[in-house]
Amino acid sequence: MSDIKKASSTDLKKKKLQNQLLVIGIIAVICVICHFLTGGRLLMPTNIRTILTQWTYPLMVGLGMMFIFTSGMIDLSIGAQLILAGNVGAILVEDFGLGYVGLIIGTVATLVVCELLSASCSTFLGIPSWVAGLGAALVYEAIGTIVTSVRAKTAGTSVVYLKHCRNLGTFPWICIIALILFVIAFFLFNRSTLGFNLRAVGSSPEVAEAMGIKRKKTIMIAALIGAVILGISAITQMSYTGRYTAMSGMGSLSGIFKALATILFAGSFSKIFSDPVGVAVGSFIITILFNILTLFGVPSGTYQEMCLGAVVILCGILSSFKNKGVVK
């Protein structure tokens with residue numbers, strides 16, 4: 001019986017590896033085809049560098065959302081949190097001269113506080129997470145708008161520009177940071193007790209508690225880890241673009257659509273890739289898709305967003321067929 005189980009386990013691992021190689025092979029073939037269709041521009045060294053740089057943001061945001069969403073929370077305030085935290089970090093750099101210390105501590109601390117507040121509303125007050133997330137998003141957007149408006153009286157503009165301390169958003173540092181975060185997230189999610197508890201809570205809270213897992217504690221720790229990852233992603237993105245424009249009326253939701261698509265992708269292909277790897281593969285596909293559309297001259301903000309919406313719907317359909325959503 002033991003030999004049969006070992007043989008079955010080996011077959012499953014072999015089949016999974018074959019499926020992984022198949023997916024990666026399909027992506028590679030599509031990239032080669034599109035390289036020729038774009039006149040040899042897609043796989044040029046300069047464009048590959050651009051793809052790798054732009055890949056980091058949805059990857060890191062997706063990893064942060066992975067920890068939060070897996071616990072059972074659908075926090076839609078993450079986009080507003082990123083904007084608010086990025087602006088706080090930039091203000092500490094430009095207006096108070098705190099340099100990288102202000103940028104890092106200010107951004108990460110703001111995001112941790114915001115995410116823990118959002119998580120607490122759902123975990124301790126019993127408010128549905130998506131309702132708490134929508135309400136928190138409006139609050140964080142309003143705070144961000146107020147902060148930038150007050151600053152505009154002295155700076156002359158409501159847009160906070162990060163003019164200094166931008167090395168963390170340059171190549172190759174931004175890719176190195178993303179790689180380190182991926183490795184840490186992979187081991188925490190797949191190789192630690194926290195990861196096991198988190199997946200158990202997300203799958204069945206009642207069963208998890210019956211097993212002795214502290215549901216609320218697990219959710220809050222996952223929210224803390226996710227917030228730190230999101231804070232680092234906000235730092236690199238602010239350093240890369242130089243600004244986070246304050247939004248209102250739930251406009252911040254658009255900032256997390258790519259990351260949401262990666263989470264859906266990870267859920268759709270969970271039998272092939274572990275969640276962290278699925279997020280990495282999904283974010284790469286989304287990034288290269290937008291790059292290809294740009295090379296083809298497809299206008300951004302309209303048709304590119306339509307394509308992203310189609311990808312989100314497709315991944316949602318695939319998840320539905322497997323009886324899995326963004327939360328497992």
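This passage describes the overall fold of a predicted model and then follows one of its helices.

The chain is built from helices: there are twelve of them and zero strands. Read from the N terminus, the order of elements is simply α-α-α-α-α-α-α-α-α-α-α-α. The radius of gyration of the chain is 20 Å, close to the 20 Å that the globule rule gives for 328 residues, so the chain is as compact as a globular protein of that length. Along its principal axes, the C-alpha trace spans about 75 × 55 × 30 Å.

Buried residues account for 46% of the 328 residues. Of the contacts between residues at least 6 apart in sequence, 78% join residues at least 24 apart. On the outside, the accessible surface comes to about 15,800 Å², and 70% of that area belongs to carbon and sulfur atoms. The chain carries 24 positive and 11 negative side chains, with the centres of the two sets 7 Å apart.

Helix 5 offers a good place to look in detail. This helix covers residues 129-155, which is 27 residues. From first C-alpha to last, helix 5 reaches 37 Å, close to the 39 Å expected at 1.5 Å a residue. Its buried residues include Ser129, Ala132, Gly133, Ala136, Ala137 and Tyr140, and farther along Glu141, Gly144, Thr148 and Arg151. A general rule helps in reading such a list: an α-helix has 3.6 residues a turn, so residues three or four places apart point the same way. The buried residues of helix 5 pack against helix 3 (78-94) and helix 4 (99-123). Just after helix 5 comes Gly156, with a positive phi of about 85 degrees.

How values were computed. Residues numbered from 1 in each chain as written. Predicted model: local features only at pLDDT ≥ 70, side-chain atom pairs only at ≥ 80, totals over all residues. Heavy atoms only, no water. Helix = DSSP H or I, 4+ residues; strand = E, 2+ residues; numbered from the N terminus. Rg over C-alpha atoms; globule rule 2.2 N^0.38 Å. Buried < 20%, exposed > 50% of the residue type's maximum accessible area, 1.4 Å probe, protein only. Contact = heavy atoms within 4.5 Å. Areas by Shrake-Rupley, 256 points an atom, 1.4 Å probe, with all protein chains shown as cover. Lys, Arg positive; Asp, Glu negative; His and termini not counted. Charge placed at Lys NZ, Arg CZ, Asp CG, Glu CD. Expected span 1.5 Å × (residues − 1).
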